[in-house]
Amino acid sequence: MKRFLFLMLVALAVHNVQAQNYEKMLFVLKDTTTKKFGCVDINGETVMPFKYQYASLRTYFTQQEYDSGYMNRSRYDDEEEAFLPYSLGWGWLKTEKNKHSAFNNNNKQNYELLDVSSDKYFIVKKNGFVGAVDSMGQQVISCIYDDIILDHEDMRLFNQQDGLASVFKNKKMGCVNKNGKLVIPCIYDDNLFNFRREENCIVAIKNGKEVYLDKKGKITSDPNNTQTNALWTRCLTEEDEDRELICVEKNGKHGCIDKTGKLVIPFISDTHIFFNNNGNYAVISQGWNVDENNYERGKYGYINRKGEIVIPCKYADATDFIGKYAIVDTQISSDDGISAECLTECIDENGKVRYEFGTNKVSYINGNGVYYTTFTNVQNISPYRNFSLSSNGIICNKNRDGGFSFKALDGSWHNDLGKQVFDKLTAFGSFKKNIALVEKNGQKWFINENGENILHDKFDNIGTITVGPYGWGDVEREIPFILNDRFILSEKNGLQGLIDIKQEKILTPCIYEEIGGVSKGGNYWKEQIHQNMVKVKRNGKYGYVDVGTGEEIIPCEYTYLTARFKKFQYLYNNQKSNIDENIPVCKISNNKCYAVIIANEKYTREQNVPYALNDGKTFSEYCKKTLGIPDNNIHYAENVTLNDIKYHLSWLKNQVKMTGDDTKVIFYYAGHGIPNESDRTSYILPSDGFAFDINTGYSLKDLYKELGDLPSKNIIAFIDACFSGAQRNEQANAEARRVAIKAKPDTPTGKLVVFSASQGNESALPYDKERHGMFTYYLLKKLQETSGNTSLGELTDYVKAEVSKQAFKEKNKTQTPSVYNSSELEDWRNITLK
């Protein structure tokens, strides 16, 4: 079997995005000057040089030769699946000579990549033979086969049911397990549809005949053989997993079983029985007689969940109940086996006629009983005939003098709704309950049951779009113009906008050439909405819009590949830790507590401090929500100068003086610390300071005196910085200083207790996975777990143990948080933050 590849970027269905390991990801980009491709990491550092002529995407959409023809394999579920190799840390580029170069963990691999499975295995080729490796590059299937084929349905390497993968050798097929062991020998026919799964069996083809195998390759019996399954056969549908009652067949008759396999509805119907979970009735039919010599159509009726016939089988056709109503056809002229005259009516749950639509000429497709009306959807957007029914009992029907209008089956008119006539319309509920799409004079809009335009605007297209004809015999047709069930596209003057139909609001005006990969006259696919963002194109450039706010988070200034890279950089830089969410809320106001919070991340003359702003912002939120400190009692400041520090301490001093000695004070600092080399004293470093001049810093001794002199009953300081000359990124502060200095701890005074992130010559390490300083993360984790109801002693024990353990685990380094207390506070361990 030959493998033919062609690269195609498509976007289809919407699904949830799993957490990404951003540090591992690679991003393929194109140099705008040289037009060559390369790869960068999440920080923009080059991993694969920009010297390659082509960039390979995942070959999920693959053509394969089969019996002198070609078969298209399944398409991408979403746009990001095309980039799966890069998301797993693999680069996949090729030169002008069409030779692929594969990189993993920044190392060039000695085999060629062929494909990537949806279960994240790489199909590779080495020395002319094919095998498979996992995402870490470990061999899973040895490179000894002619080919490996992915499962046609879900593109997995290993089948979910039995854990086997299909391999080819000498034009014969076999299967290997996850250990790479050949468990089904390569003796079966070379057929893309070989090894299909049925009832826990593998159906193989050998010499053109079917053979049934178990997962060990042993021949077994046909699971559908009436001797092995004498009770009934399930009538499988995609919805069966969600159905409470499942249709089964026996001797040409249909009944229903429950999820335990118990028969609850006897075999009374000639056709399938399908109950919707929110419906009390299902359609059945009786009286069919179809064979080589006879063709007698049966009649349709309804049963309840007990199997009782509630409406007799007397209709030529019948729909499922939509809410309290259903639509039925009653034959009123003789049936010649080809066509018949039928009266179409709407009935309620008692079989009473509630509305008469009129007569229709119905044609039959001989042999299977499926029929269609002679008039089609020419005047109707929705996939009905010239009428439709909503679950809320509102029907829409074509008027005798042309146009469409609505009518309520309960006899009530919904203000002006029944008085309006439209050129086209859909049923209420087609897009959202109690909302219908209408069209008149070439413009479309949504109305509610009162006939009001809910968006206060009209569009050339909204919700659906006219496409075609694309070739001989084709006709114009309406197709969905949506991203998913919530986000709908609109169009004016050839440009697109975005509608949030759930919130009934316009998110973006019609200013984009494309939203989610949908363009006028092009292909129409659903686009994956990743982390609430959707791709847009404006003035030939790409960006991303936040579908929650309509804001252009990534401006339309980039090529497609660069815009995608910027999107992931944005996500990476805005990740939330588990301590950033589900912050406990205190119901009591702690109005006699004051806090100063300083977060210095961006420095003018020093390297930045990773995650310091995250630390400060989240600590501020815990002060407000968990500790109950009012907003007016908190000063939060970012990237402050030396004078800024002095200002905030002055504000704190004045507040405490005015309130009295029954106050609590919290001081928090995240940023750089520096040591004085001559006497080993410590300084916090303002954003405009520099490490080789202590005069640009603020002495810890002075800070402790300022805080200790406050007339408060207790003062608690948290310092997430180290004073050894090292940084959170574990480099020395000053470029010339490479030896860490063991700083001398300063002694608190007054009622002051100080929590310090590290001691001696240790670094205050970052916790990259959580995007916080490690000390601050565990400090806040304890507040989250206890809702702030913890003593300083309990907090000390927890933070010391967790930081020490995690620092060694994550960084293979030591970090030991320390606590220093004033001699006046012998019982400091019993002090609480609230």
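**Helix packing and strand pairing in the predicted model**

Asp 615, Thr 618, Phe 619 and Tyr 622 of helix H3 are in contact with Thr 776, Leu 779, Leu 780, Leu 783 and Gln 784 of helix H6. Sorted by class, the residues in this contact of H3 with H6 comprise five nonpolar, three polar and one charged. The structure examined here is a predicted model. Two packed helices are described by the angle between their axes and the distance between the axes. For H3, which spans residues 612–625, and H6, the angle is about 20 degrees and the axes lie 11 Å apart. Because angles under 35 degrees count as roughly parallel, H3 is described as roughly parallel to H6. The crossing of H3 and H6 is left-handed.

Helix H6 also packs against a further helix, H7. H6 covers residues 774–786 and H7 covers residues 792–811; their axes come within 9 Å and cross at roughly 135 degrees. The two helices are therefore oblique to each other. The crossing of H6 and H7 is right-handed. On the H6 side, the contact is made by Met 774, Phe 775, Tyr 778, Leu 779, Lys 781, Lys 782 and Glu 785. On the H7 side, the contributing residues are Glu 794, Leu 795, Tyr 798, Val 799, Glu 802, Val 803, Gln 806, Ala 807 and Glu 810. By class, nine residues of the contact between H6 and H7 are nonpolar, one is polar and six are charged. Leu 779 of H6 is listed in the contact with H3 and also in the contact with H7.

Attention now turns to the sheets. Strands of a sheet pair through backbone hydrogen bonds, either parallel or antiparallel. One open sheet contains four strands in the order S15-S16-S17-S18, and the pairing is antiparallel. Strands S15 (147–149) and S18 (182–188) occupy the edges; each has a single partner strand, so one side of each lacks a neighbour in the sheet. On average, and with direction ignored, neighbouring strands of this sheet are turned by 25 degrees against each other. Within the sheet, S16 (residues 165–169) and S17 (residues 172–176) run antiparallel and are joined by five bridges. Ala 165 has Val 176 as its bridge partner in S17.

A salt bridge involves the loop between S15 and S16. Asp 162, located in that loop, is linked to Arg 197 of strand S19 (residues 196–198), and the two residues are 35 positions apart in the chain. The closest N and O atoms of this salt bridge between Asp 162 and Arg 197 are 2.8 Å apart. The count of salt bridges in the model comes to 19.

Another open sheet is formed by three strands, in the order S39-S40-S41, again with antiparallel pairing. Its edges are held by S39 (424–425) and S41 (443–447), each of which has a single partner strand, so one side of each is left without a neighbour in the sheet. Strand S40, residues 436–440, pairs with S41 in the antiparallel sense over five bridges. Lys 440 has Gln 443 as its bridge partner in S41.

Terms used: Residues numbered from 1 in each chain as written. Predicted model: local features only at pLDDT ≥ 70, side-chain atom pairs only at ≥ 80, totals over all residues. Heavy atoms only, no water. Axes fitted to C-alpha atoms, helices over the stretch in contact; angles between N-to-C directions. Parallel < 35°, antiparallel > 145°, perpendicular 65-115°, else oblique. Left-handed = near helix turned anticlockwise from the far one by under 90°. Contact = heavy atoms within 4.5 Å. Nonpolar A, V, L, I, M, F, W, Y, C, P; charged D, E, K, R; others polar. Pairing = 2+ DSSP bridges. Salt bridge = Lys/Arg side-chain N within 4 Å of Asp/Glu carboxyl O.
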